[in-house]
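Student: I am new to this structure. Could you take me through the terms used for it, one by one?

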Amino acid sequence: MTIVRTIVTFAVTVSVLTFIAFFGRTPAFRNTPIGFCHRLLVHRIPSALRTLDVLLTNGRITSGGARLGHYLMNEKHPVVMVFFLGLITASAGLFVPAVWSLLPLRHKLLVIVLLPQPYYFTYLCAKRNPETLITELNHAAQMRHYPYDRILFYPGNACRTCKFNKPARSKHCSICKSCVARADHHCVWVNNCVGRGNHKWFLALLLSTAILLAYGAYLAYFALGPRVEKQYARYEHWYKFRPSPGSNPSSWGTHGEKKLHYFLTYVSIYIDEGGVSAAGVGLLALLTWPLPLGLLGYQLYLVYAGMTTNESSKWADWVDEIAEGSVFLGKRKPETMRDYRPKGVGPGDTAHSSSPSNPIPTPPETPPEDEEPPTTWPAESRHILVRTTNGQAPTSLPPRIKAVADKDSFERTWDLADVENVYDLGFWDNLLEILAH
Ligand SMILES: [Zn+2]
Ligand SMILES: [Zn+2]
């Protein structure tokens with residue numbers, strides 16, 4: 001029983017900590033115990049330890065550990081990736097030789113096909129991807145992928161480190177020390193930012209890991225099942241007819257307790273028969289399997305909603321402010337929208353539709369071409385959101401909003417559903433856009 005407890009404790013601890021580390025920051029868990037645990041783990045416990053260290057050793061331990069802490073939190077390092085791949089390698093190294101002789105050919109072939117996949121997709125996620133990182137060389141092309149929605153992203157915002165205008169949907173990553181195109185999040189498991197260019201490999205990594213773990217758990221059951229069933233039947237028979245009627249299972253109390261006893265007995269016979277290498281690893285796979293699956297589910301939800309992890313927290317900020325009643329929804333001036341401009345004003349149209357003697361000027365409100373070049377994206381934002389500090393409709397607008405919004409069109413909004421997400425083309429098109437880039 002001790003070994004069962006050790007494996008279960010290990011798997012549950014790794015799963016819970018990983019879950020909190022991954023999801024704790026997401027807006028959905030902001031005001032829940034998971035968000036609280038995340039703050040506790042990331043902020044409160046470290047700061048309490050620091051205070052204690054200052055009291056006890058005048059801060060000697062933390063100042064020594066600070067450099068390591070700073071390195072682990074703020075620099076690119078493969079520690080977590082090595083742990084992840086090491087765990088898979090060690091588990092497979094124990095598991096495969098232990099069950100190999102019990103497997104039919106079709107399962108042997110499947111093991112050979114499935115096992116390398118998480119390694120391959122981790123490599124593809126982790127390697128430097130020219131499409132993910134925004135550089136001086138590809139900046140012009142990156143600016144043409146997505147339009148500014150003027151809700152989450154505005155034109156004319158320069159990155160202080162990279163010294164160029166941030167393309168829409170991008171984010172500067174202080175760990176990768178670069179702006180990242182369609183930034184999703186910095187992932188410590190692959191030691192890289194997930195964004196345009198490698199997002200598809202990240203989804204593939206989650207899927208292949210979930211499949212590998214589920215398959216590993218199934219194989220352990222498949223290989224050990226017949227032996228365990230035989231032992232278990234023997235045990236049940238012994239239990240029914242053993243010579244101490246006082247502790248007969250029927251006198252234990254609830255049906256649930258009996259079921260739990262039989263279940264734990266089954267697991268313990270399973271461990272006895274398979275040992276740590278086959279049964280232990282199988283159990284570990286079964287218990288950790290929901291993690292990549294849950295992450296994949298969350299990623300697919302974001303695909304459905306047409307946002308990245310980075311954008312989901314920006315949208316969550318708007319939701320909080322809408323609930324306070326301080327957000328007003330305005331309409332864009334049609335002449336500032338490329339799709340709505342009269343012929344002859346849009347880029348590329350000038351030569352054909354406007355005569356040189358009577359040219360239609362580009363509206364002065366439109367940002368210069370290098371700040372907001374035309375994009376290949378099929379949709380354009382028609383809305384603009386502003387928050388006011390006094391809860392009243394905006395009376396004066398900042399220049400960058402005044403330039404594109406109809407001042408009289410602002411109305412208070414109570415529902416984010418009223419606001420168009422220009423980056424959401426529908427689930428399949430969102431998914432295709434990720435798979436294509
Ligand atoms: Zn940057
Ligand atoms: Zn990064």
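Tutor: Start with the zinc ion (ligand 2): its donors are spaced C-x2-C-x9-H-x6-C along the chain. This is a predicted model, where local features need pLDDT of at least 70, side-chain atom pairs count only at pLDDT 80 or more, and totals for chains, interfaces and linings use all residues. Residues are numbered from 1 along each chain as written, chains are lettered from A and ligands numbered from 1 in written order, and side-chain values use heavy atoms, with hydrogens and water left out.

Student: What makes Cys173, Cys176, His186 and Cys193 donors of the zinc ion (ligand 2)?

Tutor: Distance. Donors are N, O and S atoms within 2.8 Å of the metal (3.2 Å for Na, K and Ca); water is not among the atoms, so sites may look incomplete. Here Cys173 (SG), Cys176 (SG), His186 (ND1) and Cys193 (SG) sit at 2.1 to 2.3 Å.

Student: Why is the arrangement around the zinc ion (ligand 2) called tetrahedral?

Tutor: Four donors count as tetrahedral if all angles lie between 85 and 135 degrees. The four donor atoms here subtend angles of 102 to 115 degrees, so the arrangement is tetrahedral. For four tetrahedral donors, the ideal is 109.5 degrees.

Student: Why is cysteine 176 called buried?

Tutor: Buried means under 20% relative accessible area, exposed over 50%, partly exposed in between (1.4 Å probe, protein chains only). Cysteine 176 has 14%, so it is buried.

Student: How do you know that cysteine 125 is in no disulfide?

Tutor: A disulfide is a pair of cysteine sulfur atoms within 2.5 Å. The closest cysteine sulfur to that of cysteine 187 is in cysteine 125, 7.3 Å away, so the two are too far apart for a bond. The whole structure has zero disulfides. Cysteine 125 is buried, at 1%.

Student: What makes glutamate 131 and arginine 196 a salt bridge?

Tutor: A salt bridge is a side-chain nitrogen of Lys or Arg within 4 Å of a carboxyl oxygen of Asp or Glu. Glutamate 131 and arginine 196 meet at 3.2 Å, N to O. They are 65 residues apart. Glutamate 131 is partly exposed at 29%, while arginine 196 is buried at 4%. The structure holds eight salt bridges.

Student: Why is glutamate 321 called buried?

Tutor: Its relative accessibility is 19%, so glutamate 321 counts as buried. Its salt-bridge partner is arginine 387, with the closest N and O atoms 2.6 Å apart. At 44%, arginine 387 counts as partly exposed.

Technical notes
Four donors count as tetrahedral if all angles lie between 85 and 135 degrees; four count as square planar and six as octahedral if opposite donors are over 155 degrees apart and all others between 65 and 115; anything else is irregular. Helices (H or I, at least four residues) and strands (E, at least two) are DSSP runs, numbered from the N terminus.
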